[in-house]
Amino acid sequence: VSDPTWPNHFAILKAAGLSTQTYTYYDSSSRSLHFEGMYRDLASLEDGSVVLLHACAHNPTGVDPTEEQWKKLADLFAEKKLFAFFDSAYQGFASGDPAKDAFSVRLFAERGIS
């Protein structure tokens, strides 16, 4: 689960019987995605781990990976056989275009990443 994330994610996952740990996401000093930290933390996960990702309009930061960063993440997920569990609550609100906001989900689906 990204740090930070929508607080209810923890309650939902706990109710489902899942344990959670956080990965680096946001750099509050620069008010931007901390991509290096995110990538490092995800690369350190056990192969086959489930990772909750915000497809777009990250809650609560509003900061999303670029298309190039999503491609790097997709490569990592494929390599480590990570399971991408997308929260797409705000599709269409990030850019105003629901198709554009679905980029990450479509990319992972096209690559056969679960």
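Me: A salt bridge here means a side-chain nitrogen of Lys or Arg within 4 Å of a carboxyl oxygen of Asp or Glu. In this predicted model, which residue meets aspartate 75 in a salt bridge?

Reply: The partner's side chain has to come within 4 Å, N to O. For aspartate 75 that N to O distance is 2.4 Å, and the residue on the other side is arginine 111.

Me: How many residues apart in sequence are the parts that aspartate 75 and arginine 111 tie together?

Reply: Aspartate 75 is partly exposed at 44% relative accessibility, and arginine 111 is partly exposed at 37%. Aspartate 75 sits in helix H3, while arginine 111 belongs to the segment after helix H5 (103–110), so their salt bridge ties together parts of the chain whose separation in sequence is 36 residues.

Me: Which residue forms a salt bridge with lysine 71?

Reply: An α-helix has 3.6 residues a turn, so residues three or four places apart point the same way. Lysine 71 and its partner both lie in helix H3, three residues apart, which is about one turn of the helix. The relative accessibility of lysine 71 is 29%, which counts as partly exposed. The closest approach is 3.3 Å, N to O, and the partner is glutamate 68.

Me: How many salt bridges does the rule count in total?

Reply: Among them is the pair of arginine 40 and aspartate 41, with the closest N and O atoms 3.3 Å apart. Another joins aspartate 75 and arginine 111. By the rule, the count comes to four.

Me: In what order do the helices and strands follow each other from the N terminus on?

Reply: The chain has five helices and six strands. Its radius of gyration is 13 Å, close to the 13 Å given by the globule rule for 114 residues, so the chain is as compact as a globular protein of that length. The C-alpha trace spans about 35 × 30 × 30 Å along its principal axes. Written from the N terminus on, the order of elements is β-α-β-β-β-α-β-α-β-α-α.

Me: Among contacts between residues at least 6 apart in sequence, what share joins residues at least 24 apart?

Reply: Of the 114 residues, 38% count as buried. Among the contacts in question, the share that joins residues at least 24 apart is 65%.

Me: Why do the buried residues of helix H2 (residues 35–43) lie on the same side of the helix, and how wide is their arc?

Reply: The buried residues are Phe35, Gly37, Met38, Asp41 and Leu42. The arc they cover around the axis puts them on the same side of H2, because it is only 165 degrees.

Me: Which helix is among the elements that cover the buried residues of H2?

Reply: Strands are part of this cover, including E2 (23–24), E4 (32–33) and E5 (50–54). The cover also includes a helix at residues 67–80, namely H3.

Me: Which proline follows aspartate 3 through a cis peptide bond?

Reply: Most residues other than glycine have a negative phi, and most peptide bonds are trans. The residue asked for is in the loop between strand E1 (2–3) and helix H1 (8–15). With omega at about 10 degrees, the bond from aspartate 3 is cis, and the residue is proline 4.

Me: Which proline is in contact with proline 4, leaving aside neighbours within four places in sequence?

Reply: Contacts of proline 4 include Tyr26, His58 and Thr61. A cis peptide bond with omega of about 20 degrees joins asparagine 59 to proline 60, and proline 60 is found in the loop between E5 and H3. The proline that proline 4 contacts is Pro60.

Me: Is lysine 81 buried or exposed?

Reply: Lysine 81 is found in the loop between H3 and E6. Its phi is near 55 degrees, a positive value in a residue other than glycine. Exposed means over 50% relative accessible area. Lysine 81 has 65%, so it is exposed.

Me: What is the area of the nonpolar surface patch that includes Phe85?

Reply: Phenylalanine 85 lies in strand E6 (residues 83–87) and is partly exposed at 40% relative accessibility. Together with Val50 and Phe83, it makes a nonpolar patch of about 280 Å².

Notes. Residues numbered from 1 in each chain as written. Predicted model: local features only at pLDDT ≥ 70, side-chain atom pairs only at ≥ 80, totals over all residues. Heavy atoms only, no water. Buried < 20%, exposed > 50% of the residue type's maximum accessible area, 1.4 Å probe, protein only. Helix = DSSP H or I, 4+ residues; strand = E, 2+ residues; numbered from the N terminus. Arc of directions from axis to C-beta. Contact = heavy atoms within 4.5 Å. Patch = residues over 30% accessible without salt bridge, like charges linked within 9 Å, V, L, I, M, F, W, Y side chains within 5 Å. Areas by Shrake-Rupley, 256 points an atom, 1.4 Å probe, with all protein chains shown as cover. Rg over C-alpha atoms; globule rule 2.2 N^0.38 Å.
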